[in-house]
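Me: Could you walk me through this model with a few questions and answers?

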Amino acid sequence: IFHSRPRSGSHYGIVTPAYRPADLQHPDEKKRMWELMATYLSKDVKDIQQYICNHIEYTLARTRYNLDTFAVYQATSLSVRDRLIESWNDTQQWFTQNKVKRVYYMSLEFLMGRSLSNSLFNLDLTEEYKKALEDFGTSLEEINEEENDAALGNGGLGRLAACFLDSMATLNLPAWGYGIRYNYGMFSQRIVDGYQVEFPDYWLTFGNPWEIERLDVFYPVHFGGTVEPYTDDAGN
């Protein structure tokens, strides 16, 4: 049995809570945890501001006296990621309970673009975050410029793969995308003395707030063939 999903709740009592889909049967010893995780995060602007501030202080360990635009971008992205995780977990649980078939799309490249603006658009929260950030003395447009494009490829194949993922999500298909996490998947191009010069794109220098590191999950990668010693005429 699943709950229907009303509007999002608020700590300030402005709107009613949005209940997450869940099996109504739960272990008694975990009742309190289930109650606390029963609703989605609020969409109220004041609550959004509080979520951002919580990540500034408790996740990034920054203070109001030591804060720059990039830190606000990181905290804002993490607050948006929290919402994606809610939906992600509920979606995966629904797929598991209903034993649906899934699509696994593998590509050497994925050019997904900037995740903050894309996620806010898909969550229908762009205007709320605009208002929330205005009270912090900045703008959503300024924060968006702090994000580097995920350099997971350098060609049309990556953009096509991203379009496939967006299309499958739009059609509500249970699909995953699998690729390679490149440290330097794209070049940064600059004009030096009138010539185009390519440099590594250090997109991961300061981390990526959209990633979740799974240290408990690993897979062995096997290589076929054999290794044979060889000595040439020169003794090498």
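Here are some questions on the core, a loop residue, the cysteines and one helix of this predicted model.

Me: Happy to start inside. Which helix gives the largest share of the largest nonpolar core?
Reply: The core has 16 residues, and those touching the most other members include Ile52, Val80, Leu116 and Tyr129. Helices α2, α3, α4, α5 and α6 each supply at least two residues. The largest share is 4 residues, and it comes from α3.

Me: Leu116 is one of those well-connected members. Leaving aside neighbours within four places in sequence, which tryptophan is it in contact with?
Reply: With those neighbours set aside, the contacts of Leu116 include Tyr73, Thr76, Ser77 and Val80. Leu140, Ile143, Asn144 and Glu147 are also among them. The tryptophan in that list is Trp210.

Me: Let's turn to Thr138. Is Thr138 buried or exposed?
Reply: Thr138 sits in the loop between α5 and α6. Beyond four places in sequence, its contacts are Val72, Leu133 and Ile143. Its relative accessible area is 15%, and under 20% counts as buried, so Thr138 is buried.

Me: And which side chain makes a polar contact with the side chain of Thr138?
Reply: Here we look at polar contacts between side chains. For Thr138 the distance is 2.9 Å, and the partner is the side chain of Glu142.

Me: How many disulfides does a search of the whole structure find?
Reply: A disulfide is a covalent bond between the sulfur atoms of two cysteines. Cys53 is partly exposed at 33% relative accessibility, and Cys163 is partly exposed at 34%. For the whole structure, the number of disulfides found is 0.

Me: Now to α7. Within what arc do the buried residues of α7 fall, seen down its axis?
Reply: Helix α7 covers residues 156-170 and reaches 21 Å from first to last C-alpha, close to the 21 Å expected. Its buried residues are Gly158, Ala161, Ala162, Leu165 and Met168. They line one face of the helix, because seen down the axis they fall within an arc of 125°.

Me: Which exposed residues are on the face of α7 turned away from its buried side?
Reply: The buried residues of α7 have a cover that includes strands β1 and β2. The face turned away from that buried side carries the exposed residues Gly156 and Thr170.

Me: One last distance, then. How far apart in space are Asn122 and Thr170, C-alpha to C-alpha?
Reply: Asn122 belongs to helix α4 and is exposed at 54% relative accessibility. Asn122 and Thr170 are 48 residues apart in sequence, while their C-alpha distance in space is 9.9 Å.

Definitions and conventions: Residues are numbered from 1 along each chain as its sequence is written. This is a predicted model: local features need pLDDT of at least 70, side-chain atom pairs count only at pLDDT 80 or more; totals for chains, interfaces and linings use all residues. Side-chain values use heavy atoms; hydrogens and water are left out. A nonpolar core is a set of buried Ala, Val, Leu, Ile, Met, Phe, Trp, Tyr and Cys residues joined through side-chain atoms within 4.5 Å. Buried means under 20% relative accessible area, exposed over 50%, partly exposed in between (1.4 Å probe, protein chains only). Contact means heavy atoms within 4.5 Å. A polar contact is a pair of N or O atoms within 3.5 Å; within protein, one must be able to donate a hydrogen and the other to accept it, and residues adjacent in sequence count only if both atoms are side-chain atoms. A disulfide is a pair of cysteine sulfur atoms within 2.5 Å. The expected span of a helix is 1.5 Å times one less than its number of residues. The arc is that of the directions from the helix axis to the C-beta atoms.
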